[in-house]
Amino acid sequence: MVDLKGQYIKIKSEIDSAISKVIDEAKFIKGPQVKSFNNSLADYLKVKHVISCGNGTDALQLALMALELKPGDEVITTPFTFIATAEVIALLNLKPVFADVLPDTFNIDPDKIESLITAKTRAIIPVHLFGQAADMQKIMNIAERNNLFVIEDTAQALGADIYDVNGDYKKAGTIGDIGCTSFFPSKNLGAFGDGGAVFTNNDVLAERLTSLSNHGMEVRYFHDRVGINSRLDTIQAAILEVKLKYLNQYCKDRQKAAKFYNEGFAKTTQIKTPVKAPFTSHVYHQYTILLEGIDREGLMDFLTSKGIASAIYYPVPIHLQKAYRMLGYNKGDFPVAETLSRNVLSLPIHTELTEEIQQFIIENILDFING
Ligand SMILES: *Cc1c(COP(=O)(O)O)cnc(C)c1O
């Protein structure tokens with residue numbers, strides 16, 4: 001699905017010298033590269049504070065902890081996402097409340113949110129799924145009307161732009177109260193291991209997030225709140241600082257690959273190519289098609305036999321996952337998410353994909369469909 005080695009080879013000397021420098025200096029935790037990367041990412045995102053942490057799941061957990069919610073408080077999110085989004089809500093003894101997604105963009109349907117708001121609702125977590133932003137304007141309006149926090153899960157959309165009515169843009173993750181991202185190796189900005197970050201324009205939240213990620217400590221060995229240990233390793237920060245310079249190019253490469261697929265599948269009505277909403281750019285963390293009347297397992301087996309990778313993100317929506325039965329949801333509660341789970345298929349998309357490889361993938365898929 002990705003070619004991390006190919007991506008590394010192109011910038012090998014830069015990466016290797018950044019890693020060597022960290023090893024020479026031996027400041028493996030909280031080395032100067034961490035602060036430097038935080039600042040570089042803040043500049044890139046045009047956001048006031050970036051606090052890096054151990055991974056994207058921790059980022060979401062820290063964001064929720066910083067809001068100082070009470071057990072039983074409700075957080076509205078999407079059932080069609082990676083498990084981490086709902087997992088951290090449940091882990092903190094908060095209640096995940098799901099709103100179904102839109103059938104075209106796969107992102108949370110803002111029109112389904114308001115009717116779910118109760119006296120206990122405190123926050124909304126939109127996920128910018130597969131690389132394009134959820135409808136932040138509508139979501140922020142709902143949040144403002146109902147006095148709710150908004151945490152953006154931008155693990156899959158780092159670098160995406162969200163346009164406003166004047167044609168100006170903000171980076172995905174910088175509109176809500178807190179943005180969260182992941183530097184898991186296959187993410188658009190990937191480390192050589194785990195990593196994550198939270199970002200905010202709010203000084204009070206930034207201070208809390210910093211303290212929470214470091215054992216609730218502001219002055220050394222004085223603990224003001226119950227925190228966690230979640231830090232970005234210095235080596236990862238050094239690698240990410242190098243790779244951040246290429247993020248815009250990486251996004252462009254993915255967009256180009258997506259366009260090539262779109263054109264390749266234009267003639268078949270049995271494949272719905274990704275739909276991009278007008279208010280956001282799409283950085284194609286995944287290139288996910290919707291199959292109509294095609295045997296998905298059969299197609300995947302056929303592709304495997306040709307040496308072509310494919311994957312299902314996500315085969316079971318969260319409300320139907322075993323671990324989340326305690327929420328009391330049933331089959332049929334979120335028909336759009338359930339239909340998507342049955343019909344989506346993600347194809348290889350990454351920065352090293354050539355048109356020859358893509359043509360091979362397209363031709364094989366069309367061969368399968370046309371028998
Ligand atoms: C990857 C991902 C996360 C979690 O990130 P990790 O770094 O793997 O913990 C959270 N939410 C979404 C939508 C993701 O894709």
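Helix H4 contributes the most residues to the shell around the ligand, 3 in number. The model is predicted. In this model the ligand is surrounded by 15 residues, and the protein buries 92% of the 380 Å² that the ligand exposes when taken alone. The points below cover the ligand shell, the packing of H4 against two other helices, and two backbone features.

**Ligand shell**

- Among the 15 residues that surround the ligand, the closest are Gly56, Thr57, Asp153, Ser182 and Lys187.
- Sorted by class, the shell holds 8 polar, 5 nonpolar and 2 charged residues.

**Polar contacts to the ligand**

- Ser182 places a polar side-chain atom 2.7 Å from an oxygen atom of the ligand.
- In the side chain of Gln156, an N or O atom is 2.8 Å from a ligand oxygen.
- The side chain of Lys187 has an N or O atom 3.1 Å from an oxygen atom of the ligand.
- Taken alone, the ligand exposes 380 Å², and 92% of that area is buried by the protein.
- Two elements give two or more residues to the shell around the ligand: helix H4, residues 56–66, and helix H5, residues 84–91.

**Packing of H4 with H5**

- The axes of H4 and H5 come within 9 Å, with a crossing angle of roughly 40°.
- An angle under 35 degrees would count as roughly parallel, and one of 65 to 115 as roughly perpendicular; H4 and H5 are therefore oblique to each other.
- H4 and H5 make a right-handed crossing.

**Packing of H4 with H7**

- H4 also packs with helix H7, residues 203–212: the two axes come within 9 Å and cross at roughly 125°.
- Angles over 145 degrees count as roughly antiparallel, and 65 to 115 as roughly perpendicular; H4 and H7 are therefore oblique to each other.
- The crossing of H4 with H7 is right-handed.

**Backbone features in loops**

- Tyr313 and Tyr314 are joined by a cis peptide bond, with omega about 10°.
- Tyr314 sits in the loop that runs between helix H10 (296–305) and helix H11 (335–343).
- Ala26, a residue other than glycine, has a positive phi, near 60°.
- The loop between helix H2 (12–25) and helix H3 (32–45) contains Ala26.

Technical notes
Residues are numbered from 1 along each chain as its sequence is written. This is a predicted model: local features need pLDDT of at least 70, side-chain atom pairs count only at pLDDT 80 or more; totals for chains, interfaces and linings use all residues. Side-chain values use heavy atoms; hydrogens and water are left out. A residue is near a molecule or strand if one of its heavy atoms lies within 4 Å of it. A polar contact is a pair of N or O atoms within 3.5 Å; within protein, one must be able to donate a hydrogen and the other to accept it, and residues adjacent in sequence count only if both atoms are side-chain atoms. Accessible areas come from the Shrake-Rupley method with a 1.4 Å probe; for residues, only the protein chains shown count as cover. Helices (H or I, at least four residues) and strands (E, at least two) are DSSP runs, numbered from the N terminus. Ala, Val, Leu, Ile, Met, Phe, Trp, Tyr, Cys and Pro count as nonpolar, Asp, Glu, Lys and Arg as charged, and the others, Gly among them, as polar. Axes are lines fitted to C-alpha atoms, for helices over the stretch in contact, and angles run from 0 to 180 degrees between N-to-C directions. A crossing is left-handed if the near helix is turned anticlockwise from the far one by less than a right angle, and right-handed if clockwise.
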